[in-house]
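The exercises below are to be worked with the sequence and the model side by side. Try each task before reading the solution that follows.

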Amino acid sequence: MQTVCQEPNVFQFSESLSAKLLEITKSFPHINSNEKMISNETIAFYRSKLRKIPEIELLIFRIKQDLATIPGARGYLILDKMFAANDKIPFGDFTLLTALCSLAGQPFLCFNRWPIWKPIGTNLQIDPKRATGVGYIPFHVDVVNAENPPGFTCFYCEKSDLAGGGKSIVSNFQQAITKLSASEIKYLMKPLVSEGKFYNLEGVGKELNPFPVLEPFSEKLWRVRFTAKVIPELQEGNKIKELLLKLEDTLVKNQEVFLLKEGQLLINNQTIVAHGRLPLGKNQHLIPLEKRRLIYQLFMHYDQLYETSPVKVNK
């Protein structure tokens, strides 16, 4: 397995900026771990207040540079040391996190059965490949079987794995596609892949099952509906399986690997990068339930305000 030798793409908050953020968000509409809805007015309020802090322009610059839906963007960004002297946010308070995420996109409720910040705990009884499982989660796009998958997916680390596992992996979709021939791309534009169940979803359009792996998305980018989770289920000799394996192989060869630490926030642009996770550490059964790895996930649409949206192709 090859890994790209790059430093993780991190924006580290200064103590001054962190202190100002914590102070200003005291007056913000409160977002807790059970929140189901965030209004457009609340998001506009967050943005206007945050931009009154001069240092926040440094973060907005990095968002435009690294999370924009354009060729050459890094495709992900880790926010670190957001909470001044504290290691992380007070448990259950997602106000500052939501406000910061709104600088990149439009937060929305995706799964009706979960709050807007979906908890991803550690379940020793479930299929290891599931989000709450302990095994390897291969590269994929979240909500891959929807007409309009979320533009961004955000992961906040409340508790890291005490056994030292669970590193995040990301890899550039658009670079991987350059390794495909014109005929292979044309084949992947056919709706031949099915994956997952589609129910109780909001804000992502209609179900798309089966779906194409590739379709034109902007002037120079592809929308990629990729999930390596389906590969083992496909028959040997199936051309779509061969092409998915080729894409996965390129993604793995070019992957970046890093540990998302407690108190850090990862934002992925799903058009630019695939994401996944390495297995959790061994002996998870020895870790008390309340101390096991816990991640919270937020979904966002693209937003023209901070130039992270693509220029759509006229079909």
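**Exercise 1. Describe the second largest cavity and then the largest one by volume and lining.**

Solution. The second largest cavity holds about 30 Å³ of space, a cavity being a set of points on a 1 Å grid over the protein atoms alone where a 1.4 Å probe fits but cannot get out. Its volume is the space filled by probe spheres set on the points, with grid points joined across faces, edges and corners. This is a predicted model, in which local features need pLDDT of at least 70 and side-chain atom pairs count only at pLDDT 80 or more, whereas totals for chains, interfaces and linings use all residues. Residues are numbered from 1 along each chain as its sequence is written, and side-chain values use heavy atoms, with hydrogens and water left out.

Next, take the lining, that is, the residues with an atom within 4 Å of a point. Around the second largest cavity it consists of L109, C110, F111, W114, P115, I116, K118 and F299; by class there are 7 nonpolar, no polar and 1 charged residues. In this classification Ala, Val, Leu, Ile, Met, Phe, Trp, Tyr, Cys and Pro are nonpolar, Asp, Glu, Lys and Arg are charged, and the others, Gly among them, are polar.

Finally, the structure holds 2 cavities of 30 Å³ or more, and the largest has a volume of about 70 Å³. V141, P149, P150, G151, R223, V224, Q270, T271 and Y302 line the largest cavity, and they divide into 5 nonpolar, 3 polar and 1 charged.

**Exercise 2. Characterise the largest pocket and find which strands contribute to its lining.**

Solution. A pocket, unlike a cavity, is an open set of points with protein on both sides within 12 Å along at least five of seven lines. The largest pocket contains about 1,400 Å³ of space. Its lining comprises 44 residues, and F111, K118, R130, A131 and K229 lie nearest its centre. By class, the lining has 20 nonpolar, 12 polar and 12 charged residues.

The strands come next; helices (H or I, at least four residues) and strands (E, at least two) are DSSP runs numbered from the N terminus. At least two lining residues each are supplied by strand 4 (118–120), strand 5, strand 7 (168–172), strand 11 (265–269), strand 12 (273–277) and strand 13 (294–301).

**Exercise 3. Determine how the buried residues of helix 3 are arranged and what they pack against.**

Solution. Begin with burial, where buried means under 20% relative accessible area, exposed over 50%, and partly exposed in between (1.4 Å probe, protein chains only). In helix 3 the buried residues are I56, L59, I60, R62, I63 and D66. Because they cover an arc of only 160° around the axis, they fall on the same side of helix 3, the arc being that of the directions from the helix axis to the C-beta atoms. An α-helix has 3.6 residues a turn, so residues three or four places apart point the same way.

The face turned away from this buried side carries the exposed residues L58 and F61. The packing partners of the buried residues are strand 1, helix 1, helix 2, strand 2 (76–80) and helix 4.

**Exercise 4. Establish the surroundings of T153 and of I185.**

Solution. T153 is placed in strand 6 (residues 152–159) and counts as buried, at 0% relative accessibility. Its side chain makes polar contacts with the side chain of D142 at 3.4 Å and with that of Q297 at 2.6 Å. A polar contact is a pair of N or O atoms within 3.5 Å; within protein, one must be able to donate a hydrogen and the other to accept it, and residues adjacent in sequence count only if both atoms are side-chain atoms.

I185, in helix 6 (residues 182–188), is likewise buried, with a relative accessible area of 14%. Apart from residues up to four places away in sequence, I185 touches I177, L180, L214 and W222, contact meaning heavy atoms within 4.5 Å.

**Exercise 5. Compare the settings of V143 and N200, each a residue other than glycine with positive phi.**

Solution. Phi is near 55° in V143 and near 55° in N200. V143 lies in the loop between strand 5 (137–140) and strand 6, whereas N200 is in the loop between helix 6 and strand 8. V143 is buried, at 11% relative accessible area, while N200 is partly exposed, at 46%.
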